[in-house]
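Colleague: I should like to learn how to read such a model, feature by feature. Might we begin with the charged side chains?

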Amino acid sequence: MAYSEKVIDHYENPRNVGGFDKNDPSIATGMVGAPACGDVMKLQLKIDKNGIIEDAKFKTYGCGSAIASSSLVTEWVKGKSIDEASTISNMDIAEELALPPVKIHCSILAEDAIKAAVADYKSRQVEV
Amino acid sequence: MNYFELFNIPVSFDVDLSVLPQTYQQLQRLTHPDKFASGSEQEKLLAIQKNAQVNDAYSILKSPLSRAEYLLSLRGIDLKHEQQTIKDTAFLMQQMEWREELAEIAERTDPLDVLSSLEDEINQSIKSDLTKLRNFLESDHEMAEQNAANIIRQLKFSYKMLSEIELKEDVLSDF
């Protein structure tokens with residue numbers, strides 16, 4: 001299977017790899033996994049007090065498409081509000097990276113990682 | 001005819017692995033396309049199909065994970081084509097930690113020892129999951145099938161991890 005140029009670019013030069021301190025109150029952490037392939041993804045968002053995403057980092061163990069999908073969303077979410085970020089759909093990701101049908105689940109993983117991080121952030125806000 | 005019936009064994013998670021390879025060889029011989037070389041085109045075609053079915057059945061039945069997945073598919077739960085993600089944080093953290101440990105293993109002074117203890121740890125976890133899986137598959141509790149499906153989803157990560165360890169072992173052993 002041939003990867004698209006954009007996938008290869010993100011795979012070879014992944015953006016924003018790493019993590020933040022998950023106990024920092026401004027950090028939201030989303031962890032998701034895809035049973036179909038055993039890929040695991042962690043997405044962390046640094047959110048300011050107005051609910052704007054200042055920074056994002058990811059760590060993904062999986063195939064090139066999973067890494068590219070998570071690398072791409074860290075670029076996309078920066079500067080967005082958490083509600084805007086929640087509207088990013090797997091189809092947007094799959095289209096941007098020209099993912100073949102068998103790799104659609106990688107884009108679903110990235111979409112769900114954003115949603116999981118936002119849910120984590122909101123659950124923390126309620127506690128405070 | 002399902003794969004269990006093809007191998008003439010009960011439809012159950014428990015399979016006698018000492019008998020399975022013998023049945024496989026027997027069925028292989030009976031359906032081998034060479035046997036039908038002088039037969040009609042239709043007989044040849046049937047033999048090829050049957051032979052492929054025997055191979056599929058054997059590869060599904062011999063591994064506990066694919067066997068369990070197949071058992072659930074016979075009960076109408078299809079896990080093979082599902083694309084949903086799992087979000088169990090505690091479980092995923094453990095998987096993440098294992099993968100981080102594996103990724104950094106080359107920097108250790110005794111990588112092969114660390115690798116083998118990591119492998120033991122994952123095998124232990126798989127073993128305990130398989131016991132739980134067996135109980136869920138035998139149970140007629142209304143949640144049993146969903147619980148079995150969840151264990152299967154989790155096992156896929158552990159088996160994937162195990163295969164990554166084997167790859168790493170090959171790489172490290174070359175030094």
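Modeller: A salt bridge is a side-chain nitrogen of Lys or Arg within 4 Å of a carboxyl oxygen of Asp or Glu. In this predicted model, B:Glu41 forms one with B:Lys44, with the closest N and O atoms 3.4 Å apart. Both residues lie in helix 3 of chain B, three residues apart, about one turn of the helix; helices (H or I, at least four residues) and strands (E, at least two) are DSSP runs, numbered from the N terminus.

Colleague: How exposed is each partner, B:Glu41 and B:Lys44?

Modeller: Buried means under 20% relative accessible area, exposed over 50%, and partly exposed in between (1.4 Å probe, protein chains only). B:Glu41 counts as exposed because its relative accessibility is 61%, whereas B:Lys44, at 26%, counts as partly exposed.

Colleague: Which conventions apply to these values?

Modeller: Residues are numbered from 1 along each chain as its sequence is written, and chains are lettered from A and ligands numbered from 1 in the order in which they are written. As the model is predicted, local features need pLDDT of at least 70 and side-chain atom pairs count only at pLDDT 80 or more, while totals for chains, interfaces and linings use all residues; side-chain values use heavy atoms, with hydrogens and water left out.

Colleague: What is the mean pLDDT of chain A?

Modeller: pLDDT is the predictor's confidence in each residue, from 0 to 100. The mean for chain A is 93, and 97% of its residues reach 70 or more. Among the elements of that chain, helix 5 (residues 104-127) has the lowest mean, 91, and strand 3 (residues 53-61) the highest, 97.

Colleague: Which residues form a network of salt bridges in chain A?

Modeller: A:Asp9, A:Arg15 and A:Glu75 are linked in this way. The side chains of A:Arg15 and A:Glu75 meet at 3.2 Å, N to O. This pair links distant parts of the chain, 60 residues apart: A:Arg15 is in the loop between helix 1 (5-12) and strand 1, and A:Glu75 is in helix 2 (residues 64-77) of chain A. A:Arg15 is partly exposed at 21%, as is A:Glu75 at 37%.

Colleague: How should strand pairing be read?

Modeller: Two strands pair if DSSP finds at least two bridges between them. In chain A, eight bridges join strand 1 (residues 27-34) to strand 2, and the two run antiparallel. Eight bridges also join strand 2 to strand 3 of chain A, again antiparallel. A:Lys46 is the bridge partner of A:Ile27, and A:Lys46 also stands opposite A:Asp55 in strand 3 of chain A. Strand 2 (residues 39-47) of chain A is mostly covered, with eight of its nine residues buried.

Colleague: Where does the largest share of the largest nonpolar core come from?

Modeller: A nonpolar core is a set of buried Ala, Val, Leu, Ile, Met, Phe, Trp, Tyr and Cys residues joined through side-chain atoms within 4.5 Å. The largest has 41 residues, and those with the most contacts inside it include B:Phe7 and B:Leu137. Its largest share, nine residues, comes from helix 7 of chain B. Contact means heavy atoms within 4.5 Å; leaving aside neighbours within four places in sequence, B:Leu137 touches B:Phe13, B:Ala68, B:Leu71, B:Leu72, B:Arg75 and B:Ala148. A second, separate core of 33 residues includes A:Val32, A:Leu72, A:Ile93 and A:Ala117.
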